[in-house]
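Biologist: I should like a close look at a single part of this model, namely the open sheet together with the helices and the nonpolar core around it. Please describe that part in a connected way for a first-year student.

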Amino acid sequence: MSQSSPLLEIRNLALERDQRLLFTGLSMALGAGEILQVLGPNGAGKTSLLRVLATVSNDVSGDILFQGKSIATHPWDYTTRCLYLGHMPGIKKALTPLENLCWYTAQLPVRMAIEEALARVGLAGYEDTACYQLSAGQLRRVALARLYLSRADVWILDEPFTAIDKPGVKALESLMLEQSGRGGLVILTSHQDLNLPGLRQLNLLDYRPVPAGRYASGEKA
């Protein structure tokens with residue numbers, strides 16, 4: 001792959017849910033170091049798009065390429081280098097934050113790194129507390145601690161600022177800029193006004209299908 005080639009490329013994507021076409025003709029190229037915010041009202045398909053990009057769902061037509069290879073035919077090349085955080089924190093409440101993150105990293109001898117990650121999200125001292133005792137915001141921060149442990153090239157984050165206070169928002173924005181600075185890619189949804197230099201935005205309403213007959217009477221787009 002040449003230096004100028006996109007890290008991730010979306011080609012003519014169309015997505016249908018409940019027999020309703022949410023968007024169609026979506027094509028774009030994303031390079032290393034970019035941050036993309038996906039916009040649109042509720043029901044526009046933001047979460048559905050992120051799930052497709054994370055290979056959690058394949059209910060879509062079109063193609064997605066990672067480093068020039070289709071993720072449909074080369075899924076392992078992509079999924080091992082992609083981190084997805086969805087709406088739900090994905091935390092096992094019977095386990096502690098330390099145990100959850102040990103399971104995530106699949107390595108037991110990393111306690112110091114995990115403790116540092118938890119400290120950076122404001123959970124120092126909660127390493128061995130059962131997660132069912134934590135608040136919704138604290139559970140979200142346990143999930144976000146994965147970002148400090150991740151070496152993935154592509155981060156796909158669905159509403160990552162949910163239940164996060166202002167200092168947490170600032171810290172997460174800084175972390176996204178760190179990911180961008182090392183040549184990674186961040187794709188996220190958020191209703192926040194983000195302070196991220198160079199932020200690209202994708203509005204799914206621009207790819208909403210035109211209802212049949214809308215322009216039959218001479219109405220202009």
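Modeller: In this predicted model, helix H6, made of residues 166-181, lies across E3, E7 and E8 and runs at about 155 degrees to E7. These three strands belong to an open sheet of five strands, which has the order E6-E7-E8-E3-E9 and parallel pairing. At its edges are strand E6 (82-85) and strand E9 (200-203), each of which pairs on one side only. On average, neighbouring strands of the sheet are turned by 15 degrees against each other, direction ignored. E6 and E7 run parallel and are joined by four bridges. Within E7, Trp155 is the bridge partner of Leu83. Helix H1 also packs on the sheet, where it touches E3, E6, E7, E8 and E9, and its direction makes about 150 degrees with that of E7.

The nonpolar core comes next. In soluble globular proteins, nonpolar side chains tend to be buried together. The largest nonpolar core here has 29 residues, and Leu49, Tyr78 and Ile187 have the most contacts inside it. Among the elements that each supply at least two residues of this core are strand E3 (35-39), helix H1 (46-53), strand E7 (154-158) and strand E8 (185-189). Strand E2 gives the most, with five residues. Ile187 illustrates how such a residue is surrounded: leaving aside neighbours within four places in sequence, Ile187 is in contact with Leu8, Leu30, Leu36, Val38, Leu50, Leu53, Trp155, Ile156 and Leu157. There is also a second, separate core of 18 residues, which includes Ile35, Val169, Leu175 and Met176.

Methods:
Residues are numbered from 1 along each chain as its sequence is written. This is a predicted model: local features need pLDDT of at least 70, side-chain atom pairs count only at pLDDT 80 or more; totals for chains, interfaces and linings use all residues. Side-chain values use heavy atoms; hydrogens and water are left out. A nonpolar core is a set of buried Ala, Val, Leu, Ile, Met, Phe, Trp, Tyr and Cys residues joined through side-chain atoms within 4.5 Å. Buried means under 20% relative accessible area, exposed over 50%, partly exposed in between (1.4 Å probe, protein chains only). Contact means heavy atoms within 4.5 Å. Two strands pair if DSSP finds at least two bridges between them. Axes are lines fitted to C-alpha atoms, for helices over the stretch in contact, and angles run from 0 to 180 degrees between N-to-C directions.
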